[in-house]
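Work through the exercises below with the structure open. Each one sets a task and then solves it in steps.

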Amino acid sequence: MDRPALDDALRDQEAVLRAFVRPDGSLSAIPTRIRKRLVVLNLIAQRFEIGRTYEETEVNNTLRAFHDDVAALRRYLVEEGFLDRRHGVYWRSGGTVDA
């Protein structure tokens, strides 16, 4: 199965975020459908500054605000190209950017 383009996934952004993001900003669940998960991952990626590197503990602390399963979120962010990782150091490598 081909990965949907982020632009295509974001067409349903408002509905997806309403369904999966609680008023406090945490996730009610991690979406299983890739299209919806991309929307949620894009939201999470916004918490990471472009051009800055993060130790794994910093990434985990940021992700914990969204969901207890930080390992799954971290893995999805890397697999889907929102974060990149080398030698335990992470940096933002994808997602939307406000102009």
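**Exercise 1. The sheet**

In which sense do S1 and S3 pair, and over how many bridges? The model is a predicted one. Work out the strand order as well, and find which strands stand at the edges.

Solution.
- Step 1. S1 and S3 are paired antiparallel, over three bridges. Within this pairing, Thr53 has Trp91 in S3 as its bridge partner.
- Step 2. Strand S2 (residues 83-86) and strand S3 (residues 89-92) also run antiparallel, joined by four bridges. Arg85 is the residue opposite Tyr90 in S3.
- Step 3. Put together, the three strands make an open sheet with the order S1-S3-S2 and antiparallel pairing. S1 and S2 are at the edges with a single partner strand each, so one side of each has no neighbour in the sheet. On average, neighbouring strands are turned by 30° against each other, direction ignored.
- Step 4. H4 packs on this sheet and touches S1, S2 and S3, and its direction makes about 90° with that of S1.

**Exercise 2. The hairpin residue**

Describe the backbone and the exposure of His87.

Solution.
- Step 1. Locate the residue: His87 is in the loop between S2 and S3. The hairpin of these strands has two residues between them.
- Step 2. Check the backbone: the phi of His87 is positive, about 55°, although the residue is not a glycine.
- Step 3. Check the accessibility: the relative accessible area of His87 is 76%. The cut-off for exposed is over 50%, so His87 is exposed.

**Exercise 3. The two sides of H2 and H4**

Which residues of H2 are buried, and which are exposed? Do the same for H4.

Solution.
- Step 1. The buried residues in H2 are Val16, Leu17 and Phe20. Viewed down the axis of H2, they fall within an arc of 95° and so line one face of the helix.
- Step 2. Glu14 and Arg18 are exposed on the other side of H2. The buried residues pack against H3.
- Step 3. In helix H4 (residues 56-64), the buried set is Val59, Asn60, Thr62 and Leu63. Their arc around the axis is only 165°, which puts them on the same side of H4.
- Step 4. Thr57 and Asn61 are exposed on the other side of H4. The cover over the buried residues of H4 includes H3, strand S1 (53-55), H5, S2 and S3.

**Exercise 4. Helix packing around H5**

At what angles does H5 pack against H3 and H4, and which residues make the contacts?

Solution.
- Step 1. Choose the quantities: two packed helices are described by the angle between their axes and the distance between the axes.
- Step 2. For helix H3 (residues 34-45) and helix H5 (residues 70-79), the axes come within 10 Å and cross at roughly 95°. Angles of 65 to 115 degrees count as roughly perpendicular, and H3 and H5 are therefore roughly perpendicular to each other.
- Step 3. H3 contributes Arg37, Leu41, Ile44 and Ala45, which meet Leu73, Tyr76 and Leu77 in H5. By class, the residues of this contact are six nonpolar, no polar and one charged.
- Step 4. For H4 and H5, the axes are 9 Å apart and the angle is about 110°. This pair, too, is therefore roughly perpendicular.
- Step 5. H4 brings Glu56, Val59, Asn60, Leu63 and Arg64 to the contact, and H5 brings Val70, Leu73, Arg74 and Leu77. The contact of H4 with H5 has five nonpolar, one polar and three charged residues.

**Exercise 5. Two loop residues**

Are Pro31 and Glu80 buried or exposed? List what each touches beyond four places in sequence.

Solution.
- Step 1. Pro31 is in the loop between helix H2 (13-20) and H3. Buried means under 20% relative accessible area; Pro31, at 1%, is therefore buried.
- Step 2. Beyond its neighbours within four places in sequence, Pro31 contacts Phe20, Lys36, Arg37 and Val40.
- Step 3. Glu80 is in the loop between H5 and S2. With a relative accessibility of 15%, Glu80 counts as buried as well.
- Step 4. Not counting residues up to four places away in sequence, Glu80 touches Arg3, Ile34, Leu38 and Leu41.

Terms used:
Residues are numbered from 1 along each chain as its sequence is written. This is a predicted model: local features need pLDDT of at least 70, side-chain atom pairs count only at pLDDT 80 or more; totals for chains, interfaces and linings use all residues. Side-chain values use heavy atoms; hydrogens and water are left out. Axes are lines fitted to C-alpha atoms, for helices over the stretch in contact, and angles run from 0 to 180 degrees between N-to-C directions. Angles under 35 degrees count as roughly parallel, over 145 as roughly antiparallel, 65 to 115 as roughly perpendicular and the rest as oblique. Contact means heavy atoms within 4.5 Å. Ala, Val, Leu, Ile, Met, Phe, Trp, Tyr, Cys and Pro count as nonpolar, Asp, Glu, Lys and Arg as charged, and the others, Gly among them, as polar. Buried means under 20% relative accessible area, exposed over 50%, partly exposed in between (1.4 Å probe, protein chains only). The arc is that of the directions from the helix axis to the C-beta atoms. Two strands pair if DSSP finds at least two bridges between them.
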